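Here is a short report on aromatic pairs, a buried polar side chain and a surface patch. Look over the sequence and the model first.

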Amino acid sequence: MPKPKARKKAVYTPPQKSQQVKVSPRWLAPTMVVSWIIGILWIAIYYVAPQAPFFSDLQNWNLLIGFVFIIFGVVLSTRWR
């Protein structure tokens with residue numbers, strides 16, 4: 001009875017690590033922090049002065065606008081190195 005042919009297994013070679021260190025763009029950190037501050041201030045102003053001229057027109061949409069700024073800052077923070 002003939003022996004079954006053994007299949008040669010390929011040896012795993014891990015991918016080479018890049019020697020370059022990834023650096024964030026210079027605008028990323030300031031934009032991230034400013035976005036957080038704008039979002040927090042937007043919500044705080046809405047709660048402190050809900051009858052302010054521009055804020056009273058938007059009513060509860062002010063919360064959404066504030067949270068959008070905050071979430072935008074969080075999304076940018078995931079790109080920071």
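Tyr46 has a relative accessible area of 12%, so Tyr46 is buried, because buried means under 20%. This comes from a predicted model.

**Aromatic pairs**

The whole structure holds five aromatic pairs. One of them joins Trp42 and Phe55. Their ring centres lie 5.3 Å apart, and the planes meet at 65°, an edge-to-face arrangement. Trp42 belongs to helix H1 and Phe55 to helix H2 (residues 53-58), so this pair ties together parts that are 13 residues apart in sequence. Both Trp42 and Phe55 are buried.

Tyr46 pairs with Tyr47. That pair is tilted, with 5.6 Å centre to centre and 55° between the planes. Is Tyr47 buried or exposed? Tyr47 counts as exposed, because its relative accessibility is 59% and the exposed class begins over 50%. Its partner Tyr46 is buried.

The two pairs described here:

| Aromatic pair | Centre to centre | Angle between planes | Class |
|---|---|---|---|
| Trp42 and Phe55 | 5.3 Å | 65° | edge-to-face |
| Tyr46 and Tyr47 | 5.6 Å | 55° | tilted |

Ring pairs also build a cluster. Its members are Trp42, Phe54, Phe55 and Phe69.

**A buried asparagine**

Asn62 sits in helix H3 (residues 61-77). Its relative accessibility is 0%, so Asn62 counts as buried. Which residues does Asn62 contact, leaving aside its neighbours within four places in sequence? They are Trp42, Tyr46 and Phe55. Trp42 and Phe55 are the edge-to-face pair described above, and Tyr46 is the buried partner of the tilted one.

Asn62 also has a polar partner. A polar atom of the Asn62 side chain lies 2.8 Å from the backbone oxygen of Phe55. Phe55 therefore appears twice in this account: in the ring pair with Trp42, and beside the side chain of Asn62.

**The surface patch**

Now to the outside. A nonpolar patch lies on the surface. Val33, Trp36, Ile37, Ile40, Leu41, Ile45 and Val74 form this patch. Together they have about 590 Å² of accessible area. Which helix gives the largest share of the patch? Helix H1 (residues 28-48) does, with six residues.

Ile40 is one of the patch residues and lies in helix H1. With 53% relative accessibility, Ile40 counts as exposed. Trp42 lies in helix H1 as well, but Trp42 is buried.

Conventions. Residues are numbered from 1 along each chain as its sequence is written. This is a predicted model: local features need pLDDT of at least 70, side-chain atom pairs count only at pLDDT 80 or more; totals for chains, interfaces and linings use all residues. Side-chain values use heavy atoms; hydrogens and water are left out. Helices (H or I, at least four residues) and strands (E, at least two) are DSSP runs, numbered from the N terminus. Buried means under 20% relative accessible area, exposed over 50%, partly exposed in between (1.4 Å probe, protein chains only). A polar contact is a pair of N or O atoms within 3.5 Å; within protein, one must be able to donate a hydrogen and the other to accept it, and residues adjacent in sequence count only if both atoms are side-chain atoms. Contact means heavy atoms within 4.5 Å. Patches are made of residues with over 30% relative accessible area and no salt bridge: like charges are joined within 9 Å, nonpolar side chains (Val, Leu, Ile, Met, Phe, Trp, Tyr) within 5 Å. Accessible areas come from the Shrake-Rupley method with a 1.4 Å probe; for residues, only the protein chains shown count as cover. A salt bridge is a side-chain nitrogen of Lys or Arg within 4 Å of a carboxyl oxygen of Asp or Glu. Rings of Phe, Tyr and Trp (its six-membered ring) pair if their centres lie within 6.5 Å; planes under 30 degrees apart count as stacked, over 60 as edge-to-face and the rest as tilted.
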